[in-house]
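Biologist: Please pick one part of this model and look at it closely. Then carry on from there to the rest.

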Amino acid sequence: MAQISLSQIQKRYGNVEVLRNIDLTIADGEFVVLVGPSGCGKSTLLRTIAGLELASSGDIRIGSRLMNQVAPKDRDISMVFQSYALYPHLTVARNMGFSLEVQKRPKAEIDAAVQRAAEILSLTHLLDRRPKELSGGQRQRVAMGRAIVRQPQVFLFDEPLSNLDAQLRGQMRVEIKKLHQQLSNTIVYVTHDQVEAMTLADRIVVLNHGVIQQVGTPLELYDTPANKFVASFIGSPPMNFINGRVQRSDRGACVEVNTRLVLPLGERDGIAAGKEVIYGIRPENITLCDLADEGALPLQVSLVEPTGLSELIHGTLHGIPLMIYSTLRSGAQAGDTIGIALDVTRVQLFDADSQIRL
């Protein structure tokens with residue numbers, strides 16, 4: 001196990017800057033998830049830590065050792081890729097122990113390491129099978145077992161679950177979290193799936209265009225996003241955003257969207273009247289109410305997505321698109337007008353120009 005320290009990491013391909021001034025410290029034994037949209041630089045950053053890509057500038061340390069010129073095989077890391085990359089002609093046991101065979105370790109040592117990893121991942125009954133006889137989830141566990149037997153300081157995961165169906169992804173998230181609890185190794189995990197990030201991470205690093213937007217625990221990013229991008233990327237379904245202008249009266253602050261729509265804001269200090277803002281509210285912070293209730297807003301329903309446990313209601317509020325997440329069965333249908341109420345204590349305001357949270 002070891003701490004990872006990244007200092008002013010930059011990566012360029014010609015004139016294209018993929019990573020820009022990345023400063024990040026990952027604690028010994030921490031599970032950190034790099035998340036962001038396609039092309040944001042998260043896989044490049046992971047590959048740079050692994051040594052598969054060389055940084056254009058900056059320093060990478062694992063523990064106290066500077067890794068800038070150290071070959072990937074000498075960095076004491078194990079990597080699990082999106083592709084399982086198993087040898088089809090070898091058994092599960094030999095796939096898992098192959099790296100130790102290459103190092104010419106004693107057979108008893110290899111067998112013990114394979115057995116230990118198999119027990120952790122519930123693969124003991126599959127050790128004599130070949131990859132073609134395994135399910136997708138079992139193959140991914142074998143790939144993880146191959147990484148475990150090396151007993152590295154650091155595990156690197158590059159979107160390992162993206163080839164699996166939804167149910168298997170859920171199961172494998174549990175397996176990976178249990179693995180971390182048992183081994184306590186430092187893990188850096190790349191995904192574009194914010195649900196994976198929220199459920200797995202001790203801390204999340206949100207990247208966009210090669211720049212770190214925010215680093216924090218899942219709930220810190222969810223409750224106090226640094227900017228509109230983080231707020232839009234963390235949370236499923238995503239936050240609603242409405243452009244408007246702050247107004248003040250004896251009844252408190254509000255945001256004027258258009259001549260027909262004024263959104264409540266509650267007590268907000270330090271934001272001047274007339275300021276252009278983006279009003280953000282998550283779908284689960286909007287509740288259904290009677291249209292006759294004081295302060296109720298009329299939502300014109302355009303689509304209802306039932307899941308059994310909940311409903312996602314799409315509609316427009318005086319022409320402004322809005323989504324509501326409700327655990328109630330509203331009975332609403334497309335074309336209905338329903339009453340909604342906004343929880344002003346959970347509203348996020350963002351500067352209209354910089355998009356930084358106010």
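Modeller: Strand 9 and strand 10 make a hairpin, with two residues between them. One residue of the turn, H209, has a positive phi of about 55°. This is a predicted model, so read that angle as a computed one. Strand 9 covers residues 203–208 and strand 10 covers residues 211–216. The two run antiparallel, and five bridges join them. To get the register, start from I204: its opposite number in strand 10 is G216. Strands of a sheet pair through backbone hydrogen bonds, either parallel or antiparallel.

Now to a sheet near the start of the numbering. Four strands make an open sheet, ordered 2-1-4-5, with antiparallel pairing. Strand 2 (16–26) and strand 5 (65–66) are its edges, and each pairs on one side only. Between strand 1 and strand 2, which run antiparallel, there are seven bridges. One pairing fixes their register: S5 has T25 of strand 2 as its bridge partner. Helix 1 packs on this sheet and touches strand 1, strand 2 and strand 4. The direction of helix 1 makes about 115° with that of strand 1.

A salt bridge also involves strand 1. K11 and E53 join through their side chains, at 3.8 Å from N to O. K11 sits in strand 1 (residues 4–13), while E53 sits in the loop between helix 1 (42–50) and strand 4 (57–62). The two are 42 residues apart, and the pair links distant parts of the chain. Both K11 and E53 are buried. R47 belongs here too: salt bridges with shared partners join K11, R47 and E53 into one network. Side chains of opposite charge can pair when their charged atoms come close.

The whole structure holds 11 salt bridges. Another of them is D223 with R346, whose closest N and O atoms are 3.4 Å apart. D223 lies in helix 7 (residues 218–223), and R346 in the loop between strand 19 and strand 20 (348–351). That pair is 123 residues apart in the chain. Where do these two side chains stand on accessibility? D223 is partly exposed, at 35% relative accessible area. R346 is partly exposed as well, at 36%.

D351 and K275 form a salt bridge at 2.7 Å, N to O. D351 is in strand 20, whereas K275 is in the loop between strand 13 (262–266) and strand 14 (276–281), so the pair ties together parts 76 residues apart in sequence. At 12% relative accessibility D351 counts as buried, because the cut-off is under 20%. K275, at 29%, counts as partly exposed.

On to a second open sheet. Five strands make it up, in the order 15-19-16-17-18, and the pairing is antiparallel. Strand 15 (286–289) and strand 18 (320–326) are the edges, each paired on one side only. The average twist from one strand to the next is 45°. Strand 15 and strand 19 (residues 337–342) run antiparallel and share four bridges. Within that pairing, C289 has G339 of strand 19 as its bridge partner.

Helices come last. Helix 3 (residues 107–120) has 14 residues, which at 1.5 Å each should span 20 Å. The C-alpha atoms at its ends are 20 Å apart, so the two agree. Its buried residues are I110, A113, V114, A117, A118 and I120. Seen down the axis they fall within an arc of 160°, so they line one face. A108 and E119, on the other side of helix 3, are exposed. The cover over the buried residues includes helix 2 (92–102), helix 4 (136–148) and helix 5 (166–183). S122 follows helix 3 and has a positive phi near 55°.

Helix 4 has 13 residues with an expected span of 18 Å; the computed end-to-end distance between C-alpha atoms is 19 Å, which agrees. How much of helix 4 is buried? The count is 11 of the 13 residues, so helix 4 is largely enclosed by the rest of the structure. Among the buried ones are Q138, Q140, R141 and R146, along with V142, M144 and I148. They pack against strand 6 (77–80), strand 7 (154–158), helix 2, helix 3 and helix 5.

Definitions and conventions. Residues numbered from 1 in each chain as written. Predicted model: local features only at pLDDT ≥ 70, side-chain atom pairs only at ≥ 80, totals over all residues. Heavy atoms only, no water. Pairing = 2+ DSSP bridges. Axes fitted to C-alpha atoms, helices over the stretch in contact; angles between N-to-C directions. Salt bridge = Lys/Arg side-chain N within 4 Å of Asp/Glu carboxyl O. Buried < 20%, exposed > 50% of the residue type's maximum accessible area, 1.4 Å probe, protein only. Expected span 1.5 Å × (residues − 1). Arc of directions from axis to C-beta. Contact = heavy atoms within 4.5 Å.
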